[in-house]
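This report looks at empty space and surface character in one protein model. Read it alongside the structure shown here.

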Amino acid sequence: MEENTVNIIYKWLKQSHYDVSIEKIQLQFLSHPDIGTLSSITDTLNTFKIENQAAQIDIDNIPNLKESFLALIRNNKIDQFVLTRVISTVSIEIYTGQEKSFSITFDNFKKIFTGIIVVIEKKEPTLGVKIYDWLRPLFINLLAFTVFFLFWLQSTQTFNIYAYLLLTIVGLTCSILLFVHSLGFNNHFLQRFCTLSKNSDCGQVLHSKAANLWKNINLTDAGIVYFSLQLIYLLLLPNAISILLALSIVGILFPIYSIYQQAYIIKKWCPLCLTIAAILLLQGIVAIISISQIFLQTRFIAAVLCITALVYLVWYYLKQLFENSAKLHNTEIECLSFKRNYHLFIAYYKLTNSIEDSHLKKEKEIIIGSEQAPIQITLISNPLCRACQKAHGELKSLLQKFPANISLRIVFFVPYEYTIDLGTKIASWLVHTYFNNKEKGIETIENWYNNPNFKEFDKLKQLSDIVKQQQPFLQNQAEWCVQQQLTLTPLLLINNKQFPLIYRINDLGFHIEAIIEFEHEQENRKRAQSNQNMC
């Protein structure tokens with residue numbers, strides 16, 4: 001179901017001219033803690049900065065929608081999102097993410113529509129063509145031309161051998177597709193082709209015992225190596241064609257073995273495997289027809305064995321590379337899924353003790369945003385820390401997004417006792433500017449963390465007096481950091497609860513709404529309890 005939704009979002013964004021790869025959609029959608037819900041879709045769109053709107057709409061207004069949209073339907077008591085497009089006032093086109101789009105009548109759509117839709121703004125198509133868009137077909141065409149040109153140079157070849165070459169190319173293509181499917185990559189064509197009937201399942205066949213030929217060598221390895229060798233011999237070693245033809249006659253036994261395993265042992269059909277079996281059978285027939293051309297020369301056997309070993313070694317290392325890439329993609333999804341799981345975070349947040357900050361409150365504080373905000377984020381920072389600059393940018397974005405709910409308190413952890421230290425000087429200047437003029441001070445702090453300008457800082461006058469004046473303030477903050485063992489920069493506290501170090505600061509964006517909701521609930525409970533006590 002989740003993969004179908006990924007397919008739907010990908011097709012929808014493609015139709016609306018948004019350039020987002022299916023791998024990125026998988027990463028964001030499949031890692032959502034509430035995967036499959038409305039929020040998982042809107043959050044995925046928000047991640048790609050795509051303006052979207054979820055709404056409850058009356059069914060009679062559906063014909064007014066001119067562009068494709070996601071609709072939540074209930075079919076056989078199961079809720080699912082589908083890509084929907086209005087064809088006419090009496091017809092609706094639906095795409096479920098698994099099969100081709102199909103049309104249903106408007107009356108039938110009424111019966112399954114729940115009233116919830118998601119719409120996005122369609123982009124204007126870009127006039128320019130991306131390099132990747134024309135480079136891939138160009139590479140494929142050049143490769144095909146090179147293959148047939150090299151084969152054409154061998155003018156002595158017969159029609160049978162040309163047919164053999166074509167079967168080899170198709171067999172290699174099917175073997176590669178089979179390998180891609182075994183890695184679990186999402187592909188519309190493979191999904192449809194491998195599920196042609198209820199009894200067909202490429203995955204079940206590929207993961208069966210019959211698919212493992214020997215140790216780490218399986219059917220996909222054998223197919224890719226076998227057809228790759230055929231292509232190399234046909235193009236570069238025409239004198240070895242006799243060996244290929246002889247192997248193809250022996251290879252007729254493999255389709256018999258494959259069909260027997262699928263029919264009686266696994267009891268599932270793999271359309272791609274059957275296609276390869278058919279190719280091997282046809283190659284065997286071509287070899288039998290061309291039996292007059294078979295004459296084995298022992299001097300080629302050593303070369304053939306060496307090339308075979310070389311091709312297998314190359315594929316062995318390429319296979320490891322592709323498998324590691326697939327595992328990395330899945331691991332990235334799992335890792336992001338853990339980081340985004342606000343259910344786990346809130347459970348931890350509830351149990352975390354608040355850090356005492358009365359020592360800090362002895363002095364004035366640097367606060368950015370509303371001081372009445374229910375959530376105060378404390379950033380322990382150093383003006384020379386590059387990670388602090390990035391953290392400040394992330395927190396600024398959250399302040400802009402939730403101005404009524406979040407405020408930012410800045411605590412400087414610098415070597416205050418060394419008045420000649422550059423970090424101490426800059427912190428003193430920022431504190432001094434803030435306490436003299438709050439608005440200008442906030443602007444100066446933001447400008448510094450956004451783009452540190454050391455030339456402007458060097459022009460400042462009477463800096464030594466400013467450092468001496470602000471030294472007690474910086475000392476108070478540094479001593480509190482040491483006392484509470486908060487000596488790393490940057491560090492975050494959320495309402496005096498330390499943000500776990502296993503998260504990055506930009507991960508706070510995944511949980512801030514849940515924190516806001518939790519704090520509002522706590523505040524409401526306190527008010528309700530207070531009202532009860534008064535009564």
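## Pockets, cavities and a surface patch

The second largest pocket holds about 1300 Å³ of space. The model is a predicted one. A total of 36 residues line this pocket. Thr47, Arg340, Lys401, Gly509 and Phe510 are the ones that lie nearest its centre.

Which elements each supply at least two residues of the lining of the second largest pocket? They are helix H3 (38-47), H13, H14, helix H15 (386-401) and helix H20 (508-534). H20 gives the most, with eight residues. By residue class, the lining of the second largest pocket splits into 13 nonpolar, ten polar and 13 charged.

Next come the enclosed spaces. Rolling a probe the size of a water molecule over the atoms shows where empty space is left. Across the whole structure, the search finds two cavities of 30 Å³ or more. The table sets them side by side.

| Cavity | Volume | Lining by class | Largest share of lining |
|---|---|---|---|
| Largest cavity | about 40 Å³ | three nonpolar, three polar, two charged | S4, three residues |
| Second largest cavity | about 30 Å³ | six nonpolar, two polar, one charged | H14, three residues |

The lining of the largest cavity consists of Gln15, Ser68, Leu83, Arg85, Glu93, Ile94, Tyr95 and Ser101. Strand S3 (78-88) and strand S4 (91-95) are the elements that give two or more residues to this lining. Its two charged residues are Arg85 and Glu93.

The second largest cavity has a lining of Phe345, Tyr348, Tyr349, Thr352, Ile494, Lys497, Gln498, Phe499 and Pro500. Here the elements that give two or more residues are helix H14 (342-351) and strand S13 (497-498). The one charged residue is Lys497. H14 thus appears twice: it supplies at least two residues of the lining of the second largest pocket, and it gives three residues to the lining of the second largest cavity.

Now the outer surface. Leu310, Val314, Leu318, Leu321 and Phe322 form a nonpolar patch there. Together these residues have about 460 Å² of accessible area. One of them, valine 314, lies in helix H13 (residues 298-340). H13 also supplies at least two residues of the lining of the second largest pocket.

Is valine 314 buried, partly exposed or exposed? Valine 314 counts as partly exposed, because its relative accessibility is 45%. The class runs from 20% to 50% relative accessible area.

How values were computed
Residues numbered from 1 in each chain as written. Predicted model: local features only at pLDDT ≥ 70, side-chain atom pairs only at ≥ 80, totals over all residues. Heavy atoms only, no water. 1 Å grid on protein atoms, 1.4 Å probe; cavity = no way out; pocket = protein on both sides within 12 Å on 5 of 7 lines; lining within 4 Å. Points joined across faces, edges and corners; volume = space filled by probe spheres on them. Helix = DSSP H or I, 4+ residues; strand = E, 2+ residues; numbered from the N terminus. Nonpolar A, V, L, I, M, F, W, Y, C, P; charged D, E, K, R; others polar. Patch = residues over 30% accessible without salt bridge, like charges linked within 9 Å, V, L, I, M, F, W, Y side chains within 5 Å. Areas by Shrake-Rupley, 256 points an atom, 1.4 Å probe, with all protein chains shown as cover. Salt bridge = Lys/Arg side-chain N within 4 Å of Asp/Glu carboxyl O. Buried < 20%, exposed > 50% of the residue type's maximum accessible area, 1.4 Å probe, protein only.
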